[in-house]
Amino acid sequence: MDISKYAALFLAESREHLSTCNQLLLRWEREPAATEPVSGLFRSIHTIKGMGATMGFTGVAELAHRTESLLDALRQNLIGTDAGTFELLFRAVDALGRAVEEAAAGREGPSDMALAAALERAIGEQAGVPGDPSPASEAAAHRRRSTDVPRARAVQVTIRADAVMRGARAILAVRRAEVLGVIAGLRPSFVQLEREEFDGRFGFRIESRASEEELVAAIRSAGEVDSVRFEEAAPTDTPGERHRQIRVDLARLDRLMKQVGELVVAKNRLGVMAAGGDDPALTELSDRIGRLVSGMQGEVIASRMTPVGEVFERFPRLVRDLSRDLGKRIRFDVEGEEIELDRSILDEIGDPLLHLIRNAADHGIEPPEARVRAGKPPEGRILLAATRDRNSVTLRVADDGRGIDRAAILAKARREGQADAASETLSDDLLLRVIARPGFSTAEAVSGVSGRGVGVDVAMTRVRALGGTLEIRSEAGKGTTFVIRVPLTLAIVRALLADAGGERYAVPLAYVAETVEFDPRAITALRSREALVVREQVIPTVHLRDLVANGRRPVPARRPTVILEVGERRTALVVDALLGQQDIVVAPFDAPRGMPPYVGGATILADGAPALVLDAAALL
Amino acid sequence: MSHTVLVCDDAIFMRTMISDILAQAGFEVVGEAESGSQAVERYRALKPDLVTMDIVMPDMGGIEAVREICKTDPEAKILMCSAMGQQALVVEAIQAGAKDFVVKPFQPSRVLEAVQRVLG
C-alpha cells in the first residue's frame with residue numbers, strides 16, 4: 001500500500017491534535033485540579049503516536065510514546081504536577097509539532113535526546129514511590145490525594161432574586177471564596193457577570209483545604225447569597241453536536257469561487273441583455289438564473305467561512321510564553337471566536353494579529369511593579385476581540401498598558417516634516433502614519449516608544465492588501481487599541497459604479513457612507529486642501545477626473561459626490577455620474593509599474609467591459 | 001464601644017442621610033469627606049472602623065480613594081455606595097479592595113446589613 005498519499009492527511013490531523021494539546025495544556029496549567037485536560041491530552045498524543053507509527057515516522061512515534069507515558073503516569077496520579085511538568089509538556093508538544101512537520105516534509109531530523117531524557121526522568125523520578133505499589137484506580141487515587149492536599153470542588157451559587165447588581169454581588173462572592181483557595185472555571189465568565197448577563201446562578205471550581213462549611217461561610221459573607229451547593233467536579237466539556245464534515249482542499253474551493261465569480265459576471269451580462277430586449281421568456285429565465293447564481297454564490301462563500309477562533313487559538317500560548325519571558329503578568333482574553341471570515345482572509349490575518357499582540361505584550365503592558373506604581377492592578381490585560389459588521393469583520397487588539405507617548409511621537413513627526421511645526425496635538429491618524437512607517441524602530445525612536453512601530457508597518461501592509469483598514473487609538477497611561485477591519489470575503493464585492501471623464505470605476509460599497517450632490521458653494525479649505533461642507537462636517541475632496549487625468553470631456557453641470565468612509569476618516573470623491581450598483585468580481589491584480597496606489601484591482605462589468613476598482617483607503 | 005465611621009460623598013444630602021441611618025443604629029460617625037482625596041486624608045487621620053464611599057466624586061473618585069487607602073491598609077473596611085447602572089464601577093471598586101456595596105436609593109435595612117457583613 002502506498003502510504004505517501006496519506007501524508008497530507010497525517011499532517012492536517014496531527015496539527016489539529018497538537019493545537020488541541022496546546023489548549024488543553026494551557027487550561028490544565030490554569031486549573032491543575034481539573035481531570036479532563038490530561039485525559040484529552042493523552043487521547044490526542046496517543047492518536048498522533050498511532051498515525052506516526054503507521055506512516056513509518058519513527059521519530060514522531062517515539063516522542064509521542066514518551067510523552068504519552070508521562071501523561072499516563074500523571075493521569076493515574078502516580079506522579080504529581082508542578083510548574084516543571086507543564087514546561088516539560090509544552091516543550092514536548094512543541095518538539096512533536098516540529099517532528100510532525102519535518103516528517104511530513106520528508107526529512108525526519110535527529111530526535112531531541114535531551115527532551116527524551118527529561119521525559120524519562122520525570123516518570124522515573126516518582127515511579128515506585130513507597131506506598132504506591134500499583135496503578136491504583138483513579139477514584140482511589142483521588143480520595144488519597146484529597147486527604148491532606150487541597151481538594152477540588154465544584155461550587156454552584158445562587159444570588160437572591162431581589163438583590164440589586166447581582167453581577168457585582170457574584171464577583172464579590174468569588175473574591176471572598178478566593179481567600180480560601182484557587183478558583184478556576186468561572187461560569188458565566190467574569191465579563192458576563194460584570195454585565196449581569198446571567199440569571200443569578202453561577203459556578204466555579206475551587207481547590208482549597210477549607211471545609212465545606214468554611215467555604216459556605218466565606219461565600220455567604222458577600223451577602224445576598226440564596227444558596228451554595230457543592231457538586232462532584234464534573235467535566236466541563238459538553239459533547240457538542242457533531243456536524244458531518246468532509247475535508248476539502250482549499251485550492252478546490254478557490255477554483256469553485258473563481259468559477260462562481262465568472263458565473264456572476266455572465267449572469268450580470270445576461271441581465272443587461274434581457275433588459276435591453278423585449279422577450280418576456282428571456283427576462284424570466286434571466287431572473288431565475290440570477291436568483292440561482294446568487295444562492296450559489298452565498299453557499300460557496302459560506303463554505304469558505306471559517307471561525308476566527310482557528311487563528312486566535314495559537315495566541316493564548318504565545319502570550320503566556322511572552323509574559324514569562326518578559327517577566328510580566330498578562331491576562332489574555334478572547335472574544336468573538338465564533339465570528340466567521342473567508343478562509344483566504346483568515347490565513348492572511350494571523351501575522352498582522354501576531355505582530356500587534358506581540359507589540360502589546362512587549363511594549364504596551366508594563367512590568368507589574370510599574371503598573372502598581374501607576375495605580376493599576378499588577379496583572380495587565382490584552383483583549384483580542386472579533387465583531388461582525390454588515391459587510392466586514394472588525395478585529396481589535398486592546399491592551400491596558402502604558403499607551404503611546406504622543407509628545408515624543410509628535411516631536412519626531414515634526415522633525416521629519418510629517419507634522420506642521422505649529423501643530424500641538426497628534427491625531428490618531430498621524431500617530432499611526434508615523435509609527436507604521438517602515439523602519440520606525442528602536443534605534444531612532446525616543447525612549448518610551450522604542451520599537452513600538454516594529455511590526456505595525458507589516459500589519460498595515462498586509463491588512464491593506466486585503467482591502468482592509470488599520471486604525472489606532474491610544475491614551476497615555478490607559479493603553480492602546482489597534483482596530484483591523486477586513487471584508488468578509490475577497491472575491492465578490494458589491495460596488496458602486498461611477499463615471500469620470502467617460503471611464504467607469506467601481507467603488508466597493510463597504511466604504512461608501514452616502515452620496516450627495518456636489519455643491520460648489522459648499523467648498524471650503526482644510527489645511528490648504530479643498531474640502532466640502534456636508535451637514536456641518538468638513539470633508540476633504542478628491543476630484544476623480546483630476547486624479548485620473550481624464551478631463552477632456554466637459555465637466556457636467558451636476559456632479560454627484562461619493563462620501564467614502566474608512567473607520568472615522570472621510571473623503572468626498574467627486575465624480576461625473578453614478579451608474580448604479582453591481583456585484584463585481586475583483587481580479588487579483590499584479591499592479592503594473594507606475595499604477596497609482598488608489599487602484600485596488602480590476603473587474604469585468606456586466607456589459608463585458610473592464611473597469612478599475614478604486615481602493616477607498618488610498619483615497620483618504 | 002460603638003464602631004466609628006467615615007462617610008464620604010460629595011452630596012451633603014447623601015452624607016446626612018447615611019450618617020443618620022448609621023447614627024440611629026448606634027454607630028459613631030467620626031468624620032465626613034466630600035472628595036476622594038479628603039477621604040484618603042481623613043481615613044489616615046481618623047482610622048475609622050468603617051468607611052462608606054461614594055463612587056463618583058470630584059477631584060479624586062471613590063475607586064481611586066479605595067486604591068489609595070488599601071495601599072496602606074489592605075484590611076480597610078470600605079463599603080461602596082453606588083447609583084443604579086454603575087455595576088462596572090462597583091466591580092472595579094471590589095477589585096480595588098472594597099469589601100461590600102449598597103445601591104442607591106438606600107433602604108436603611110440593606111445598608112445596615114451590609115455594614116454588619118463588612119464589620120463581620
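Helix α9 of chain A, residues 212–220, lies across three strands of chain A: β1, at 151–159, β3 and β4. Against β4(A), the helix runs at about 150°. Keep in mind that this is a predicted model.

Now the sheet under discussion. It is open, has four strands, and follows the order β2-β3-β1-β4 in chain A. The pairing is antiparallel. Which strands are at the edges? Those are β2, residues 181–187, and β4, residues 225–231, of chain A, and each of them pairs on one side only. On average, neighbouring strands of the sheet are turned by 25° against each other, ignoring direction. So of the strands that α9(A) lies across, β4(A) is an edge strand.

One pair in detail. Strand β3 of chain A covers residues 201–208, and its antiparallel pairing with β2(A) extends over five bridges. For A:R187, the bridge partner in β3(A) is A:G203. As a reminder, strands of a sheet pair through backbone hydrogen bonds.

On to the contact between the chains. Here 13 residues of chain A are in contact with 14 residues of chain B. Where on chain B do they come from? Three elements of chain B each supply at least two residues of the side touching chain A: α4 at 87–96, β5 at 100–103 and α5 at 108–119. The largest share is that of α4(B), with six residues. By character, the side of chain B that touches chain A divides into seven nonpolar residues, four charged and three polar.

Technical notes:
Residues numbered from 1 in each chain as written. Chains lettered and ligands numbered in written order. Predicted model: local features only at pLDDT ≥ 70, side-chain atom pairs only at ≥ 80, totals over all residues. Pairing = 2+ DSSP bridges. Axes fitted to C-alpha atoms, helices over the stretch in contact; angles between N-to-C directions. Contact = placed C-beta atoms within 7 Å. Nonpolar A, V, L, I, M, F, W, Y, C, P; charged D, E, K, R; others polar.
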